[in-house]
Amino acid sequence: MSATPSVRTGAVVPVLASAGITVALMQTLVIPLVPELPRLLNASAAGTAWAITATLLAAAVATPIMGRLGDMYGKRRMLLISIGLLVAGSVVAALSSSLVPMIAGRALQGFAAGVIPLGISIMRDELPSDKVGTAVAQMSASLGVGGALGLPLAALLAENFNWHTLFWLSAALGVIVFGLVLRFVPESSVRSGGRFDVLGGVGLSIGLISLLLAISQGASWGWTGGRTLGLFALGVVALLAWGWWERRTSEPLVDLRTTARPQVLLTNLASMVFGFAMFAMSLVLPQLLQMPKATGFGLGQSMLASGLVMGPSGLVMLIAAPFSAKISKTRGPKVTLMLGAVVVAAGYAVGSVLMASVWELVLVSLLIGAGIGLAYGAMPALIMAAVPVSETAAANSFNTLMRSIGTSVSSAVAGVILANLTINLGGYTLPSQTGFRTVLLIGAGAALTALAIASFIPTRRAEAPVAVAVAQA
């Protein structure tokens, strides 16, 4: 579908990418505050952990629902609502001085997670077909870019200003992006209509919240504890019941028949495993950088220095996006995804050996960032080439959800490993170098697993997948 003359294609891409980066910034904004939150909010460490968990759970629920609502009632409309929720959540958190409003604010921020898949879908609907590939790659990479750039920015603000400034900044960025979307992004005429699947939304929400809550809290509650096992059981039962309902209702939240197509199914599986691989870098490298030098392997850097080391990886992701689109156009997005998995695996393999100095970790983060930039641009291209235009937002949202589930599982697995492979230093228990190396090697293994899954994705030669899919729509 070609853009109409009223569509300012030169502005649409940077505006939507800025919206994606702003949402990703929100996810890392609170990280520098985590050690201080119990004191700042006068709450326990277990209680303040919900400032992270609430965002995760809200994002899991909002992503597929906003995608489906976008297909039905307008993607730009849902995009603006999502950004509005980000602004509201940021203001609530900025005004908070106790635990409950902070959790409420972070949950509202989490509801903005649908911005990136909605933005990708708008690009498919509105841009000329020859510009879609590069634009989608940039939008998809914005999740990693914002996450990488957010850490040094948040650390700088946390060290030099009142902690509420972090959330006021998030609110200000949200207001700016809201205005830009309102001014430059058109509402798509591509809509599916129909009736929203309320029961499907409730069932999927119960299933996802139960599983993700068990995964995120299992380490503190005990993996064999009744609460953890009960949530796992509830999640499995709820998702099975949801799947049964979705196959029988005429207007499902997620069309499982489309999702079961080999190209969509395998891309989603690869995305979930790749999400696992991606997050290992965020868990290991900052800790290695900030570990005391007395451990023999820690580099004794500040939070700000650690963030600055991670920051360039976000820029590399952005630089890799157009290369991702070019490779996808000439060789197909399957090849791009596989290449990205190989680069990420190589980055982790290098990291398992080179971890003795700051420049070595910069090199590792750059390698992994390049691989993520390549792969993240290919995933939505594969999805959009296999689904109808009327289901673009829902399908992209489900793919984003798969990546999020992978990162959640990665966090839990890495946490267990680092909690069990430890050393004692001055009466404190710290993760050991063996533990960090193990997590890095598991990250490499996950990337290679994603490579293996991607190799089975069906290919259609002589096709530039995103461009052809859009042109035929």
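**Figure 1. Glu 246, a buried acid in helix 11.** In this predicted model, Glu 246 sits in helix 11, which covers residues 226-248. The residue is buried but has no salt bridge. Look for the nearest side chain of opposite charge and you land on Arg 68, 7.6 Å away. That is outside the cut-off, because a salt bridge needs the nitrogen and the carboxyl oxygen within 4 Å. What the Glu 246 side chain does reach is the backbone nitrogen of Val 254, at 2.9 Å. Val 254 also turns up among the residues that Glu 246 touches, once those up to four places away in sequence are set aside. The others are Asp 197, Gly 200, Pro 252, Leu 253 and Leu 256.

**Figure 2. Lys 75 with an acid on either hand.** Here Asp 71, Lys 75 and Asp 125 are linked in a network of salt bridges. Lys 75 meets Asp 71 with N to O at 3.8 Å, and for Lys 75 and Asp 125 the closest N and O atoms are 2.8 Å apart. That second pair links distant parts of the chain: Lys 75 belongs to helix 5 (residues 75-95) and Asp 125 to helix 7 (residues 115-126), 50 residues apart. Are these charged residues buried or exposed? Asp 71 has 0% relative accessibility, so it counts as buried. Lys 75 is at 1% and counts as buried too. Asp 125, also with a relative accessible area of 1%, is buried as well.

**Figure 3. A salt bridge between two loops, Glu 251 to Arg 195.** The side chains of Glu 251 and Arg 195 come together at 3.9 Å, N to O. Glu 251 is in the loop between helix 11 and helix 12 (256-259), while Arg 195 is in the loop between helix 9 (164-184) and helix 10 (198-221), so the pair ties together parts that are 56 residues apart in sequence. Glu 251 is partly exposed, with a relative accessible area of 25%. Arg 195, at 51% relative accessibility, counts as exposed. A search of the whole structure turns up three salt bridges.

**Figure 4. Inside the largest nonpolar core.** This core has 54 residues, and Phe 274, Leu 285, Leu 337, Val 344, Tyr 348 and Ile 372 have the most contacts inside it. Elements giving two or more residues to this core include helix 8 (129-160), helix 14 (303-331) and helix 18 (433-454). Helix 13 gives the most, with 14 residues. For a closer look, pick Val 344: leaving aside neighbours within four places in sequence, Val 344 is in contact with Phe 274, Ala 277, Ile 368, Gly 371, Ile 372 and Ala 447. There is also a second, separate core of 51 residues, with Met 26, Met 72, Ala 112 and Phe 398 among them.

**Figure 5. Stepping back to the protein as a whole.** The fold has 19 helices and two strands. Its C-alpha trace spans about 65 × 45 × 45 Å along the principal axes. How does the radius of gyration fit with a compact globule? With 473 residues, such a globule would come in near 23 Å, and the protein has 21 Å, which agrees. Of those 473 residues, 57% count as buried. Take the contacts with a separation of 6 or more, and 80% of them are between residues 24 or more positions apart.

Note on methods. Residues are numbered from 1 along each chain as its sequence is written. This is a predicted model: local features need pLDDT of at least 70, side-chain atom pairs count only at pLDDT 80 or more; totals for chains, interfaces and linings use all residues. Side-chain values use heavy atoms; hydrogens and water are left out. Helices (H or I, at least four residues) and strands (E, at least two) are DSSP runs, numbered from the N terminus. Buried means under 20% relative accessible area, exposed over 50%, partly exposed in between (1.4 Å probe, protein chains only). Lys and Arg count as positive and Asp and Glu as negative; His and the chain ends are not counted. A polar contact is a pair of N or O atoms within 3.5 Å; within protein, one must be able to donate a hydrogen and the other to accept it, and residues adjacent in sequence count only if both atoms are side-chain atoms. Contact means heavy atoms within 4.5 Å. A nonpolar core is a set of buried Ala, Val, Leu, Ile, Met, Phe, Trp, Tyr and Cys residues joined through side-chain atoms within 4.5 Å. The radius of gyration is taken over C-alpha atoms; the globule rule is 2.2 Å times the number of residues to the power 0.38.
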